[in-house]
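Here is a short tour of one protein chain with a bound ligand, written for someone who likes to have the coordinates open alongside. Please load the model and follow along.

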Amino acid sequence: MEHVQKNIPFQYIDTKPSPNKNRKHAIVIGGLLAARVLADAFERVTIIERDHYPDTPSPRAGAPQSHHFHYLLQRGFLILSALFPTLTLDLKALGTLAVIPTTPPFVSIYAHKKVFNGPTNREVFFIEPVKIEWRLYRQLIRRPEIHIRTNWEVTELIATTTQEQAQIRVTGIQIRARGPEARIDRLNADLVVDASGRNSQLLIWLEERHFALPSEERIASGLGYATRYYKKPEHVNVAWYMMRVHSAAPHIPRSGALSTIMPGIWQVTVSGMAGNYPPTDEAGFRQWLRNLVSPDLYNVLQNAEPISPIRGFRLPKRFCTMPSHCCSRITQQKWSKQWLPVLSTDNLRVF
Ligand SMILES: Cc1cc2nc3c(=O)[nH]c(=O)nc-3n(C[C@H](O)[C@H](O)[C@H](O)COP(=O)(O)OP(=O)(O)OC[C@H]3O[C@@H](n4cnc5c(N)ncnc54)[C@H](O)[C@@H]3O)c2cc1C
């Protein structure tokens, strides 16, 4: 933590109330961070989440990626800490935060060359998403503006034609309780934010309400991951904290990465694109490692002891990206540095 540059300025949202906008109630579908940002600008923010948030940090169906440690870049960490000032202490208490110092380097292996990167002046954090999410959730439920309805799923949008402008606008959502009763409720809002992730039904909902759909780009990503944890053999000394064996698209869609997520513990994640999903059985996983563009990763794991099952994750072959106007907006604004301003209602196309 001491390594983090604390003086990098950033502003995540202009919280000055806009005189022309009604900011009484915002609804967020699925997103904790979006709700946190909006809580500075709206009197009331309701999060609708179809899962039940567990009482202790543990994986849930709606976030299958939580079995995999995540890299969090320094900028992301700073933004999170600004939104949740006690985050560092909370996560240290939960034993989740690993800071990788600027050295030693990481090694990248391509089909025809090996590159030793670093040192850089940037930190990488390895985080357990499940613990971060649990902590953020616990903090958010204490804020009086924020109300969370778990075990409810959004099923459709409510749209109204405004009299003044004869314009159709989204003015709320319909939700259904999960469980045998399947009760229905309807909520009105001045703003609805869809943060429901990769399975978002937004375009279907908009179409049902006869909105002109934003142009979109479809990518046949067919991305799959499989992750396993290993104990680093004591006698092995390596001069890197991370090794990446890259794919060589389009002919070699497979890749693999080994990361030191805490002293003596390696996370190994293999991935494939275009429907080349990595296997999660013992023999298949080993074979996948062996067939990467270089045998280095396979070789380094020869004497490492596996300490977890192999967990897989698959995205469908057809995966819809964001509407293109949003993408270009984000790219123009340099995604890694300034993604949160995009959440400002002034920057989004509002339906
Ligand atoms: C194996 C793997 C490794 C990854 N590693 C990294 C990494 O190292 N670094 C990194 O930055 N990213 C990483 N990612 C990507 C990262 O996990 C995702 O980008 C991120 O989790 C997306 O978050 P989200 O909140 O947008 O969506 P989600 O996490 O999908 O959350 C959406 C939420 O909405 C809820 N929801 C959905 N539909 C409805 C509905 N109709 N009504 C109510 N609620 C609904 C869901 O239950 C869920 O809680 C990785 C992903 C995978 C799979």
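The report below goes from the overall fold to the cores, a helix, the ligand shell and one loop residue.

**Overall fold.** Keep in mind that this is a predicted model. The protein chain holds nine helices and 20 strands. Of its 351 residues, 25% are buried. Among contacts with a separation of 6 or more, 67% join residues 24 or more positions apart.

**Nonpolar cores.** The largest nonpolar core contains 27 residues, and Ala 26, Val 28, Ala 35, Leu 38 and Val 45 have the most contacts inside it. At least two residues of this core come from each of strand 1, helix 1, strand 2, strand 9, strand 10 and strand 12. Another core lies apart from it, with 21 residues that include Val 107, Trp 266, Val 270 and Phe 285.

Ala 35 is a handy place to look into the largest core. Leaving aside neighbours within four places in sequence, Ala 35 is in contact with Val 28, Val 45, Ile 47, Leu 140 and Ile 146.

The elements that supply this core are listed here with their residue ranges.

| Element | Residues |
|---|---|
| Strand 1 | residues 25-29 |
| Helix 1 | residues 32-38 |
| Strand 2 | residues 44-49 |
| Strand 9 | residues 152-162 |
| Strand 10 | residues 167-177 |
| Strand 12 | residues 191-194 |

**Helix 2.** Which residues of helix 2 are buried? In this helix, which spans residues 74-83, they are Phe 77, Ile 79 and Leu 80. Viewed down the helix axis, these buried residues fall within an arc of 165 degrees, so they line one face of helix 2. Their cover includes strand 3 (70-73), helix 3 (87-93) and strand 7 (124-127).

**Around the ligand.** The ligand is surrounded by 22 residues, the closest being Gly 30, Gly 62, Gln 65, Ser 196 and Gly 197. Strand 2, strand 3 and strand 9 are the elements that give two or more residues to this shell. By character, the shell residues divide into eight nonpolar, nine polar and five charged. Strand 2 and strand 9 thus turn up in the ligand shell as well as in the largest core.

**A loop residue.** Is Lys 113 buried or exposed? Lys 113 sits in the loop between strand 5 (106-109) and strand 6 (114-117). Lys 113 is exposed, because just 8 other C-beta atoms lie within 10 Å, and a residue counts as exposed at 12 or fewer. From C-alpha to C-alpha, Lys 113 is 9.6 Å from Ser 294 in space, although the two are 181 residues apart in sequence.

Conventions:
Residues are numbered from 1 along each chain as its sequence is written. This is a predicted model: local features need pLDDT of at least 70, side-chain atom pairs count only at pLDDT 80 or more; totals for chains, interfaces and linings use all residues. A residue is buried if 20 or more other C-beta atoms lie within 10 Å of its own, exposed if 12 or fewer, and partly exposed in between; C-beta atoms are placed from the backbone. Helices (H or I, at least four residues) and strands (E, at least two) are DSSP runs, numbered from the N terminus. The arc is that of the directions from the helix axis to the C-beta atoms. Two residues are in contact if their C-beta atoms, placed from the backbone, lie within 7 Å. A residue is near a molecule or strand if its C-beta atom, placed from the backbone, lies within 6 Å of it. Ala, Val, Leu, Ile, Met, Phe, Trp, Tyr, Cys and Pro count as nonpolar, Asp, Glu, Lys and Arg as charged, and the others, Gly among them, as polar. A nonpolar core is a set of buried Ala, Val, Leu, Ile, Met, Phe, Trp, Tyr and Cys residues joined through C-beta atoms within 7 Å.
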